[in-house]
Amino acid sequence: MKKIINLFVFVGLVAVLMTYSSCGPKPAAELPVTDQLLQKLLSTTSTSGAGSTAWKCSSAKVNGVDKTANYTTSFLLTLSGSIGALATSPFQYTTSKPTYGQNDSPVSPWAASGTFTFDATSPSTIIKRDDGTSITYTASDTQLTMSFTFSGAGFLRGRAEIVTGQWDFTFTK
């Protein structure tokens, strides 16, 4: 009888230990998709607060024609926002003026500043600027590529035909 009681105690103790062995700390709540995407664009691991990242242009093309020389020496795209902001919140961008020759600036498909949001149906691949331009993008820790079609007069000075068309930008940190 004593052996049977000891067996029940042992089995009960093992059952209790097995029950508690799978318990652990609760996993941290996952950030909303837009916060994860903004975190990637800002290249930050912070899960709260404001941040910004300046992306330097390493390649620029319009309609397949290389315009890199106008953008690589001085053009920066700075993206900023706050992790934890509502999904519909606009985030900010600023750009530095591209150069063309010594005293002139080319027309740019980028305003000096503006806002952007993540596309509601494809937030991981499309952002929308406040001027209505949809931009297809990919981002890694060190590179950001953006492609979009721009039509209109553009920003800064120059000829409109330089601006109208399919733009492809590659940026690095």
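## Close-up views of a predicted model

**View 1. The end of helix H2 and the residues it buries.** H2 is followed by Ser43, a residue with a positive phi, near 50°. The model shown here and in every other view is a predicted one. Looking back into the helix, you will find that Thr34, Asp35, Leu37, Leu38, Gln39 and Leu41 of H2 are buried. H2 covers residues 33–41 and is among the elements that give two or more residues to the largest nonpolar core.

**View 2. The whole chain, for orientation.** Before going closer, it helps to have the overall layout in mind. The protein chain has 3 helices and 9 strands, and along the sequence they follow the pattern α-α-β-β-α-β-β-β-β-β-β-β. Of the 173 residues in the chain, 32% are buried. Taking contacts between residues at least 6 apart in sequence, 53% join residues that are at least 24 apart.

**View 3. The largest nonpolar core.** This core has 32 residues, and Leu144 and Phe169 are the ones with the most contacts inside it. Helix H2 (33–41) contributes two or more residues, as do strands S1 (49–62), S3 (76–83), S4 (91–95), S5 (113–118), S7 (134–139), S8 (143–150) and S9 (165–172). As a general background, nonpolar side chains in soluble globular proteins tend to be buried together.

**View 4. Phe169 and its surroundings.** Is Phe169 buried or exposed? Because its relative accessibility is 1%, Phe169 counts as buried. Beyond its neighbours within four places in sequence, Phe169 is in contact with Cys57, Ser59, Ala60, Tyr71, Phe75, Pro109, Trp110, Leu144, Thr145, Met146 and Phe148. Leu144, one of these contacts, shares with Phe169 the distinction of having the most contacts inside the largest core.

**View 5. Aromatic rings and a charge over two of them.** The model has 14 aromatic pairs. One of them joins Phe169 and Phe171 in a stacked arrangement, with 5.6 Å centre to centre and 15° between the planes. Phe171 has a relative accessible area of 0%, so this residue is buried. Ring pairs also link Tyr71, Phe75, Tyr93, Trp110, Phe148, Trp167, Phe169 and Phe171 into a cluster. Look for Arg129 here too: its charged end sits over the ring of Trp110, 4.6 Å from the ring centre. The charged end of Arg129 also sits over the ring of Phe148, at 5.1 Å from that centre.

**View 6. Strand S7 between its partners S6 and S8.** Which side chains of S7 point to the buried face? Ile135, Tyr137 and Ala139 do, whereas Ser134, Thr136 and Thr138 point to the other face and are not buried. On one side, S7 runs antiparallel to S6 (residues 126–129), with 3 bridges joining the two strands. Lys128 has Ser134 as its bridge partner in S7. The S6 and S7 hairpin has 4 residues between its strands, and Gly132 in the turn has a positive phi of about 95°. S7 also runs antiparallel to S8, joined by 4 bridges. For Thr138, the bridge partner in S8 is Thr145. S7 and S8 form a hairpin as well, with 3 residues between them.

**View 7. Ser147 on strand S8.** Ser147 is found in S8, and its relative accessible area of 26% makes this residue partly exposed. Thr136 is 11 residues away in sequence, yet the two C-alpha atoms are 5.2 Å apart in space. Not counting residues up to four places away in sequence, Ser147 touches Ser134, Ile135, Thr136, Gln166, Trp167 and Asp168. With Asp168, there is a polar contact between the two side chains at 2.7 Å.

**View 8. Thr95 on strand S4.** Thr95 is found in S4. Its relative accessible area is 16%, so Thr95 is buried. What does the side chain of Thr95 reach? It reaches the backbone oxygen of Ala111, at 2.7 Å. Leaving out residues up to four places away in sequence, Thr95 touches Phe75, Leu76, Leu77, Trp110, Ala111 and Ala112. Thr95 and Phe75 are 20 residues apart along the chain, and 6.8 Å separates their C-alpha atoms.

**View 9. Thr68 in helix H3.** Thr68 is found in H3, which spans residues 68–71. With a relative accessible area of 14%, Thr68 is buried. Thr68 touches Ser58, Ser59 and Ala60, again leaving aside residues up to four places away in sequence.

Technical notes
Residues are numbered from 1 along each chain as its sequence is written. This is a predicted model: local features need pLDDT of at least 70, side-chain atom pairs count only at pLDDT 80 or more; totals for chains, interfaces and linings use all residues. Side-chain values use heavy atoms; hydrogens and water are left out. Rings of Phe, Tyr and Trp (its six-membered ring) pair if their centres lie within 6.5 Å; planes under 30 degrees apart count as stacked, over 60 as edge-to-face and the rest as tilted. Buried means under 20% relative accessible area, exposed over 50%, partly exposed in between (1.4 Å probe, protein chains only). A charge sits over a ring if NZ of Lys or CZ of Arg is within 6 Å of the ring centre and within 35 degrees of the ring normal. A nonpolar core is a set of buried Ala, Val, Leu, Ile, Met, Phe, Trp, Tyr and Cys residues joined through side-chain atoms within 4.5 Å. Contact means heavy atoms within 4.5 Å. Two strands pair if DSSP finds at least two bridges between them. A polar contact is a pair of N or O atoms within 3.5 Å; within protein, one must be able to donate a hydrogen and the other to accept it, and residues adjacent in sequence count only if both atoms are side-chain atoms.
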